[in-house]
Amino acid sequence: MLIIKNLHATIQDEKQKTKSILRGINLHVKAGEVHAIMGPNGSGKSTLANILAGREDYQVTQGEILLDGQNIMELAPEARATAGLFLAFQYPVEIPGVNNMYFLKAAVNSVRKHNQLPPLDAMDFLTLIKSKMKEVGMDEKFLSRAVNEGFSGGEKKRNEILQMLMLEPKLAILDETDSGLDIDALQSVAKGVNSMRDPKRSIVVVTHYQRLLSYIVPDVVHVMVKGQIIKSGGKELALELEEKGYGWLNENVG
Amino acid sequence: MSAVLTMSTWLESAFVSGRSIMQPSWLQAFREQQFDKFLQRGLPTRKEEWWKYTNVAFLEKTSFRLPIIVKPKKIHSTLDSSISLVFINGQYSHEMSNTSLLPSDVILSPLSLAIEQHEDLVKPYLLQELDGKKHPFTYLNSAFIGEGVFLHVPENCVVPSPIHLLFLNTEQNDFITYPRNIIVAQEKAQVTIIEEHTANQAFNYFTNVVTELHAHSNAHLSYFKLQNEHHTATHIANVKVQQQQDSHVNTFFIDCGSRLAREDLTIHFHERHAECHMKGLYLLEHDDQHVDNHIFVDHAAPHCSSTMLYKGILDKKSQAVFNGKVYAHAGAKQTNAQQSNHNLLLSRTAEVNTKPELEIYEEDVKCVHGATVGQLNEDALFYLRARGVEKEEALTILTHAFIEEVMHNIADPSIRNYIQQRVRAYASL
Ligand SMILES: Nc1ncnc2c1ncn2[C@@H]1O[C@H](COP(=O)(O)OP(=O)(O)OP(=O)(O)O)[C@@H](O)[C@H]1O
Ligand SMILES: [Mg+2]
């Protein structure tokens, strides 16, 4: 599903100095698998997720990204989304003046258009979205509000999951979707994600906590430090990290 | 001085040739007097505070002709309105106009006809001294008074649908028109007016328009000004609003055309408890496109309230000027005034000069003002695109979001629709 080969990326900071963030990422996520990426703050997890989604602020200096065998490096963000890639953002942006329902409909219908499906009419859309909102425990009143505007941290995360459920991506990347969630919210988010698990679909969760991984059990756990994946293992690795932190891995960093 | 002379040369000959044999002597005299005043005053220069950011010096070197009469093949307006007066290159077109739905006691006619048929009613409005010193183009407009609209809505009369005044410029270049509109809403009358200026195959022309609005006590008057001239045109407008007790006026200016557009709007609160809500939207998309909104709100009576909300989106090397001034006289107790101007820059080369101003000689007032100039939120754009929304559409969504606040409360669907179309056309460039 997703193959990342030797990905290097840099960014120009405010002083126009080039800073290297990703330094040779290799990753292979097969269809049907759930991978977790863990790692200290600032190690480059969100940068990787954003580059996958097509953010142009970063310069990719080396490497490739294949989605379903297709090189997506040259694709615009919207083309990646319609090709089935979804990123649940760590910090979903507030968009005043844009109605949440209008936005969801625009998103769903552009993905449908790409898949040669007719746009959903208002009634079908409403029925669908209401059932999905129930699934993630969101009140219907959020439909009439502006996208994420004034949403609490947890409400924003639920809104991300709602979008994922509506768009039914092939590859979902969840960047710290568990951060800032109360227990109930965590459970409904996990339920939403688990309902998406499918032999034809892959999920990458970026998280700091083992807690989420006890609900969404990963096939593979990776540790990213300073822009490299320095260790990969089974679900036990997450438990080990929870217990020992990242310090013991440092000797492995090249 | 010599530059002004060049201008006055063509003006003089235009003035002489434009003399109408049909006009009554009082009007002839008024025009002569206004012409002299203009020649004495001359064009405004950038040394004048009120014209600091808008350079009209190029007009001195341009000689515009008075237009010849043409018959257009079809009308270019996206507004469907049931009551309309249409002017082609400044000339009234009876065939294109439609006033059949008008209540019978309302007078809506081209100004020239109104002068003939309702001389006593029109004369006092026409002869009112306007602020030519500050806005010399008004002298010029008075000197050349040709055509325009006279609208008189009598007491208690509610006009059921908006009245559309369409000024279409077509099939000629380098000409000048001087529309003069007088709109009177008597006590408790209600009316909505749309004044639209647009073009179809006309270049480098100059519209110099003056519109006077009179809202008598308890009248409700809504005025929409749609300026969508050709992008080589010059559009200079002066809109004056006179409000009496408990009158209620809404104004809405949308400016998307012209190379240079200058909109002066003055609100005079003569009596207490009057209200005026001003909104504006400018959408600029060409290099050298320049739109200047100058607003003056004269709080001369107590208990009046005014709000001003102008938003603009600028692309390329366009420029916008916003100057909104609220003046509260001593004794204008319980004045309530709000002003805000927000700008969205789509390019690094676009420029905005914004200045909300307050001049207050009364303690018992509540005034707030604010202005912002910002860029498009790149994170929001990325967010929309990351959900599969095409870049173009995402930009349209975000520009709509930016102006949403201005679009609020526009009840008439045809006007809403028109504005949305303009925005859509703008955002899809
Ligand atoms: N737009 C940017 N401008 C400057 N520096 C950036 C930018 N984006 C990321 N960085 C830097 O790159 C590094 C990696 O950031 P990133 O957000 O990818 O880390 P992370 O692993 O997601 O951290 P966290 O666990 O705290 O979310 C950090 O040092 C960050 O400051
Ligand atoms: Mg992060």
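**Entry 1: helices H8 and H9 of chain B**

I take helix axes as lines fitted to C-alpha atoms over the stretch in contact, with angles running from 0 to 180 degrees between N-to-C directions. The model I am reading is a predicted one. With that convention I looked up helix H8 (residues 391-407) of chain B and helix H9 (residues 413-427) of chain B, which pack at an angle of about 145° with their axes 10 Å apart. I noted the crossing of H8(B) and H9(B) as right-handed. On the H8(B) side I listed B:Thr396, B:Thr399, B:His400, B:Ile403 and B:Met407, and these meet B:Arg416, B:Ile419, B:Gln420, B:Val423, B:Arg424 and B:Ala427 in H9(B). Sorted by class, the contact of H8(B) with H9(B) comes to 5 nonpolar, 4 polar and 2 charged residues.

**Entry 2: helices H2 and H6 of chain B**

I then turned to helix H2 (residues 25-41) of chain B, which packs against helix H6 (residues 137-144) of chain B at an angle of about 150°, the two axes lying 7 Å apart. The cut-off for roughly antiparallel is over 145 degrees, and H2(B) is therefore roughly antiparallel to H6(B). I recorded the crossing of H2(B) and H6(B) as left-handed. H2(B) contributes B:Phe30, B:Arg31, B:Gln34, B:Phe35, B:Lys37, B:Phe38 and B:Arg41 to the contact, while H6(B) contributes B:Tyr139, B:Leu140, B:Ser142, B:Ala143 and B:Phe144. By class I have 7 nonpolar, 2 polar and 3 charged residues for the contact of H2(B) with H6(B).

**Entry 3: helices H3 and H4 of chain A**

In chain A, I found that the axes of helix H3 (residues 100-114) and helix H4 (residues 122-136) come within 12 Å and cross at roughly 105°. I therefore entered H3(A) and H4(A) as roughly perpendicular to each other. The residues in contact are A:Met101, A:Leu104, A:Lys105 and A:Val108 from H3(A), together with A:Ala122, A:Phe125, A:Leu126 and A:Ile129 from H4(A). This contact of H3(A) with H4(A) has 7 nonpolar, no polar and 1 charged residues.

**Entry 4: the magnesium ion**

For the magnesium ion (ligand 2), I looked up the protein donors and found A:Ser46 through OG and A:Gln90 through OE1, lying 2.0 to 2.1 Å from the ion. The pair links distant parts of the chain, 44 residues apart, with A:Ser46 in helix H1 (residues 45-53) of chain A and A:Gln90 in the loop between strand E6 (85-88) and strand E7 (95-99) of chain A. I checked the accessibility of each donor: A:Ser46, at 21% relative accessibility, counts as partly exposed, whereas A:Gln90, at 15%, counts as buried.

**Entry 5: two residues of chain A**

A:Lys156 lies in helix H5 (residues 153-167) of chain A, and I noted that its 16% relative accessibility makes A:Lys156 count as buried. Leaving aside residues up to four places away in sequence, I found A:Lys156 touching A:Pro92, A:Glu94, A:Asn148 and A:Phe151.

A:Met224 I located in strand E11 (residues 220-225) of chain A, and at 0% relative accessibility A:Met224 counts as buried. With residues up to four places away in sequence again left out, A:Met224 touches A:Ile25, A:Ile37, A:Met38, A:Gly39, A:Pro40, A:Ser43, A:Gly44, A:Lys45, A:Leu48 and A:Ile229. I also took down the separation of A:Met224 from A:Lys105, which is 119 residues in sequence and 36 Å in space, C-alpha to C-alpha.

Conventions. Residues are numbered from 1 along each chain as its sequence is written. Chains are lettered from A and ligands numbered from 1 in the order in which they are written. This is a predicted model: local features need pLDDT of at least 70, side-chain atom pairs count only at pLDDT 80 or more; totals for chains, interfaces and linings use all residues. Side-chain values use heavy atoms; hydrogens and water are left out. Helices (H or I, at least four residues) and strands (E, at least two) are DSSP runs, numbered from the N terminus. Angles under 35 degrees count as roughly parallel, over 145 as roughly antiparallel, 65 to 115 as roughly perpendicular and the rest as oblique. A crossing is left-handed if the near helix is turned anticlockwise from the far one by less than a right angle, and right-handed if clockwise. Contact means heavy atoms within 4.5 Å. Ala, Val, Leu, Ile, Met, Phe, Trp, Tyr, Cys and Pro count as nonpolar, Asp, Glu, Lys and Arg as charged, and the others, Gly among them, as polar. Donors are N, O and S atoms within 2.8 Å of the metal (3.2 Å for Na, K and Ca); water is not among the atoms, so sites may look incomplete. Buried means under 20% relative accessible area, exposed over 50%, partly exposed in between (1.4 Å probe, protein chains only).
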